[in-house]
Amino acid sequence: MKMARVTPAYEGPPRRFGIRWTPRRQRTFWAYVFVSLPLLGLLLFFVGPIAFGLWVSLNDWNMVTPVTQMRWRGLDNYVYLLTRDPIFPRAMANTFAFAAGGVTVNVVLGLSLALLLNQSIRFKPLWRVLYFLPVMTAPLALAVLFGFLFNRNYGLVNDFLVSLGIARQPFLSHPDQALLVIIAIAIYQYVGYYIVIYLAGLQGIPKELYDAASVDGANAWQRLGYITLPLLKPVTLFVVVTNTIGALQVFDIVFATTGGGPANRTMTVVLYMYDTAFKFSRMGRASAMAFILFLIILIITLVQLRLLRDRTRG
Amino acid sequence: MTHTRTWTTIFSGLLLLAGFSFGQQTLNILTHWGEELHRGPMERMVATCEAEVGVSANVRTVPFGDLFTTIVTGRAAGIAPDIYHLYNLWLPEFTGEGGMLAAPPQEAIDHITAHVAPAVVEGISAGGQVWGYPTEVNTYLLIYNKRLLEEAGYDAPPSTWDELKEIAAAITQVDATGAVTQVGFGVLPGWDSGVVHPFASLLFSNAGEYLTEDMTATAFDSPEGIETLQLYADLLENGGMDMSVAGWELPNGIVGMVVMANWWRATLRASEAIDYDTEVGVAPVPVGPSGSQSMTLSYNWLWSVDASSASQDTAWEFLHCLNTEAEPGHGSPSGQFLVEALGAIPSFEYDQEAHAEALGDFFLQAFVDSTQFARPEPVVAGGQEVKTILQGEIESVLIGATDPATALRVAGVRGDDVLEEMQR
Amino acid sequence: MEHRSPVVRYLGTLLTYAAVVAGAVVMLVPFLWMVNASLMTPGEIQARPPVWFPAEPQFNTYARLVEVMPIFRLYGNSLFVAIATTVGVLFTSSLAGFAFAKYDFPGKNVLFVLILATMMVPFFVTLIPVFFIVRQLGWINTYQGLIVPGIISAYGIFLMRQFISTLPDELLDAARIDGASEPRIFYSILMPLVTPALATLGTFTFIASWNNFLWPLLIATDRDLHTLPLGLNALRTFAAEARNLDLLMAGTTLSVLPALILFIFLQRYFVKGIALTGVKG
């Protein structure tokens, strides 16, 4: 087939726009064409906005006054948030509690369930689908559903507690329980994701290692401690880092269950940022919040990478 | 048959096109009215004045919760409407520096001030300027379930806070499993107006103030304010109130009393669990220990015109048509819509007179009467933020995380900061 | 090799099954209860002592729901926005990924580092500025406002570059010798080869877009542009005022079910994609 095509006699690279289009130049040209659209988008929707956001965070701006008339405030927004704002520290604390609680529990839970599912067990795909269902569900829908399930007077959870002889709990209207319920929703939603990733990790561990260990007389617990867990470190690193970053941005669940209440007890950084920007029209202060959280996320990510990597090597 | 229909379709399509390209001026209107139930009456109201003024009006409806953001964000090229329907608390936000609202023509201002109550004029003003035609007035009163009160042994609603506490405690019922099946008094946490407006109405009825007279600082951090929050704390303690049953459940027949606004009437009438005619009661806000008379808070909505609109004159002409009587005694198109579709109280006295019969309904009559002594929600830059701060602190007391005195002190200091900053 | 008695082994298996089944029940019950409650009357939902099943399933709740929640419009919008976003991401990511993996051009490394750096930036950092840009473009309440800011993905570019790097250069060179132009190489040689990576990236993008809430909340204030999560949010506010718990659960059911059913059919695909990126990433 290919031979049928007649190759024209070579006349040297064609000239167009005063440039000799050697194959190499042609390729470079097309490479630029290929990256131009994505890069333009990246500049317009990422790089530009980051710079603009940083500048806004140093100003007072309500988005109604023209950009040129923003009031310069220097670091005032940052100073206010870090020293005077009573809600921001609480929002930070809640956000970190949410991330730490959810990720820790899910690492343990996800790994345990993955270990169980990795044994010779029947209907494996069925179990995997069931555990994975909430991952596919919109967080907003789960928030609505759990708000209903955790209602004090007619929620299924309280009906269950009562049938066990435990007193009804206020859950979402209780100052301390509300955040725990929100963490529980996040655990429920994402445990399936951890399971799937750990299962893939487990399947990547060579069988020979276990066989060799068994020959040496290692029991199941020893095999877990000396083979499985150390070899799963990179997987853990991945899920912990990505999920911590994700969890620190929580918005939907809180928005639809408590709206940050009662009395800001479940206020998170992104929700507070949303309120500050779109309810109080304080774009500068809201942008400053974004950059503070961003900086913290960067630091946490680096620390996590360092910690887990060191242990993997050790 | 098929042919006729085809030709009709094409013909009307052409007409429609002609209407678009050669037709009259179009006014774009943004409002939170006109969802589902009210679309028909809304369109009829608009049609009256479209014919009268010779314009075509294009009404866009967004839910109340989204209206503020829609307005703030809508100023981008091409999508800012000509006419807004606004909540008066937002006025400072839209009229300050780089303001986006057009001041009404002098005739309009004269007409408005001549025909609405002084409290309404105050409500729709900011910076000493009237900003448009007032529409609905809302005030707060004690709405109660007559049946629940009677079952608890009371045939009259409370007129003082002590009575309120006593009756509320008597209504509350808890079943064997600890579930609250019925509660005496309900609040509306999680929503700024739902928390702050009833609180302010109770505060006014206890001779307290929300802001100082010159509106440069908060005034709720006062002995009267602390007494008001203490009322909530007492109700929680004596069982008259429970945070697991919100005031929203009054139409479900399981809440005895709520301080709530007249716009709730539609929900109450639609309720199956409580009979509007025989079981819904409405009474003045109970008077606190430091107060001498029942007071209430009112807030307003108004039609305003965008300052960048190319059709400002037509827009004001259109609004004038909506809000004035074509014939004396018949009321305005707007008044007609407010009363008949929404069951709301119109601002103009001629509308109140024209619809005296409809407004004579026991429920609305009580609210109409209260507009005579109601105090407008203070319209001031930063007002929304002060409200949210106070909401948070009131909720802190409701969940038992802090005491009334501390809550109001914190809210006062932070609120003062906001107001001071806004004045700079 | 195992030296455990059959009894111990049997007990172990039993415990394993017990744990797995118990977990699965916990995962499933909220969904079942959602459907169950949507078929109850409001009275049954709030009845004390609790009623476990509807005396007579109230299917007409779903008929009533359609009146307050424009469910088909919501499906349509969600589907359109998610598909358009996904197609956009796949196109831009494979284009840029191809250029970074198989071409040499001045500034390549700098640009690639730039892309890696933006990958680290969470969405909330750019939320306000991007919102402002979209507003200046007049894209509030438009489909392009919902879609366009989402069609560039630094992660997508990275993923595609990694995948395309593993493909042998010879294939491309052979096509060049045959006289194929570079764009032609892209769409007729490269695209078929990267289908597995596109499937993975596409799955992620689709789900993320389908479930997205905050961005549409800002952009689509007009009800006609609402996506499913926004429609559900509107229903939530509506139900809060009138306490229509039956309607709320019916709405939640309808907004959740299609995606779940689709997932059950395509689950292998989804799970594999996630495992792949998870372990390799």
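1. Which residue in the turn of the hairpin formed by strand 8 and strand 9 of chain B has a positive phi? In this predicted model, that residue is G178(B), whose phi is about 90 degrees, and the hairpin leaves 5 residues between the two strands. Strand 8 of chain B covers residues 173-174, and it runs antiparallel to strand 9 of chain B, with 2 bridges joining the pair. One of the partnerships can be named, since V174(B) has V180(B) of strand 9 as its bridge partner.

2. Strand 9 of chain B, residues 180-186, is also worth following beyond the hairpin, for 6 of its 7 residues are buried and the strand is therefore described as mostly covered. Strand 9 of chain B is joined by 3 bridges to strand 10 of chain B, residues 255-261, and these two strands run parallel. Within that pairing, V183(B) has V255(B) of strand 10 as its bridge partner.

3. Turning to the interior, the largest nonpolar core has 163 residues, and those with the most contacts inside it are I182(A), I195(A), M273(A) and M289(A). Helix 7 of chain A, which spans residues 177-203, gives the most to this core, with 18 residues. Residues also come from chain C: domain 1 (6-59) and domain 2 (69-242) of that chain both give residues to the core, so it lies between them.

4. For I182(A), it is useful to look past the neighbours within four places in sequence; with those left aside, I182(A) is in contact with F98(A), I253(A), V254(A), T257(A) and T266(A). A second core, separate from the one just described, has 127 residues, and F68(B), I83(B), F94(B) and L398(B) are included in it.

5. The domain assignment of chain C gives two entries, domain 1 (6-59) and domain 2 (69-242). Taken over C-alpha atoms, the centres of domain 1 of chain C and domain 2 of chain C are separated by 38 Å.

6. On the contact between chains A and C, 76 residues of chain A are in contact with 70 residues of chain C. Helix 1 of chain A, residues 23-56, supplies the largest share of the side of chain A that touches chain C, namely 22 residues. By class, that side of chain A has 60 nonpolar residues, together with 11 polar and 5 charged residues.

Definitions and conventions
Residues numbered from 1 in each chain as written. Chains lettered and ligands numbered in written order. Predicted model: local features only at pLDDT ≥ 70, side-chain atom pairs only at ≥ 80, totals over all residues. Contact = placed C-beta atoms within 7 Å. Helix = DSSP H or I, 4+ residues; strand = E, 2+ residues; numbered from the N terminus. Nonpolar A, V, L, I, M, F, W, Y, C, P; charged D, E, K, R; others polar. Buried ≥ 20, exposed ≤ 12 C-beta atoms within 10 Å, placed from the backbone. Pairing = 2+ DSSP bridges. Core = buried A, V, L, I, M, F, W, Y, C linked by C-beta atoms within 7 Å. Domains from an automatic or database assignment.
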